[in-house]
Amino acid sequence: MFKKILVPIDPAEPAFANPAVEKAVRFAKDYGAKIHLVAVCPEVQTFVASQLPEGFQDREFTETRNNLDAIAAKLELAGEMIDSQVRVGSVYHEVLEEAESSGCDLILMTSHKPGLSTYFIGSNAAHIVRHAPCSVMVLRGPDG
C-alpha cells in the first residue's frame, strides 16, 4: 500500500484536518505507513510585514510548529512513524514541494465544500490534485 503519507494541516484551523489525520493513522497502523504532517504559514510581503508587530512571523512559525508537535503527540504511534515540517509560502506550492522532497507516495487531505469563489479561482485541494507527484486522497471536511 502506501509507505509515507503527507497530511497538510491548516495552521488557521488545525482541527479541520482531523478526518485526514484519523485516516492516515489507520493506514499507518494497518500497513506500517509513516505519517508526515506539513503546515504552511503564508508568506507576508515586506510592506505588510512592516505594518505588523515585530517578531510576528517568528511567533506564527513557532506557534504552528507547537501545534504540529501537539497533533503528533496525540497520535497513538511510535515516534519514528510520524514527523512534521512547517513551511512558508503558498499552500499548494509548498505542499507539492514537501510531497516531492520528502518522498511521500500519498497526500491525504481534508477539503472544504466548494464555494462560488472556488469555481472561479480554484481551491488548494484542486491545485494539489492536478499537480501532485503522487496519489492524492481528498476527504470532505466536516463542513459538508
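**Entry 1: F27**

I started with F27 and looked up how much of this residue can be reached from outside. In this predicted model, F27 has a relative accessibility of 11%, so I wrote it down as buried, since the cut-off for that word is under 20%.

Next I asked myself: how many aromatic pairs does the structure hold? I found two. In one of them, the ring centres of F2 and F27 are 6.1 Å apart and the planes meet at 45°, so I noted this pair as tilted. I then checked where the partners sit: F2 is in the segment before β1 (4–9) and F27 is in helix α1, so the pair ties together parts that lie 25 residues apart in sequence. Like F27, F2 is buried.

F27 also pairs with Y31. Here I read 6.0 Å from centre to centre and 50° between the planes, and this pair is tilted too. Both F27 and Y31 belong to helix α1, where four residues, about one turn of the helix, separate them. Is Y31 buried or partly exposed? I looked it up: with a relative accessible area of 43%, Y31 is partly exposed. My summary for this page is that F2, F27 and Y31 make up one aromatic cluster.

**Entry 2: T110**

I moved on to T110, which I found in strand β4 (residues 106–111). Its relative accessible area is 12%, so T110 is buried.

What does the side chain of T110 reach? I found the backbone nitrogen of A20, at 3.4 Å. Then I listed the contacts of T110, leaving out residues up to four places away in sequence. F16, A17, P19 and A20 are among them, and so are L139, R140, G141 and P142.

**Entry 3: the second largest pocket**

My last look was at empty space. Rolling a probe the size of a water molecule over the atoms shows where such space is left. For the second largest pocket I noted a volume of about 200 Å³.

Which residues line this pocket? I copied down I9, P14, A15, N18, V21, E22, N67, A70, I71, K74 and L75. By kind, the lining divides into seven nonpolar, two polar and two charged residues.

I also wanted to know which helix gives the most to the lining. The answer is α3, with four residues. Both α1 (18–31) and α3 (56–74) supply at least two residues each. Helix α1 was already in my notes, as the home of F27 and Y31.

Terms used
Residues numbered from 1 in each chain as written. Predicted model: local features only at pLDDT ≥ 70, side-chain atom pairs only at ≥ 80, totals over all residues. Heavy atoms only, no water. 1 Å grid on protein atoms, 1.4 Å probe; cavity = no way out; pocket = protein on both sides within 12 Å on 5 of 7 lines; lining within 4 Å. Points joined across faces, edges and corners; volume = space filled by probe spheres on them. Nonpolar A, V, L, I, M, F, W, Y, C, P; charged D, E, K, R; others polar. Phe/Tyr/Trp six-rings, centres within 6.5 Å; stacked < 30°, edge-to-face > 60°. Buried < 20%, exposed > 50% of the residue type's maximum accessible area, 1.4 Å probe, protein only. Polar contact = N/O pair within 3.5 Å; in protein donor to acceptor, adjacent residues only side chain to side chain. Contact = heavy atoms within 4.5 Å.
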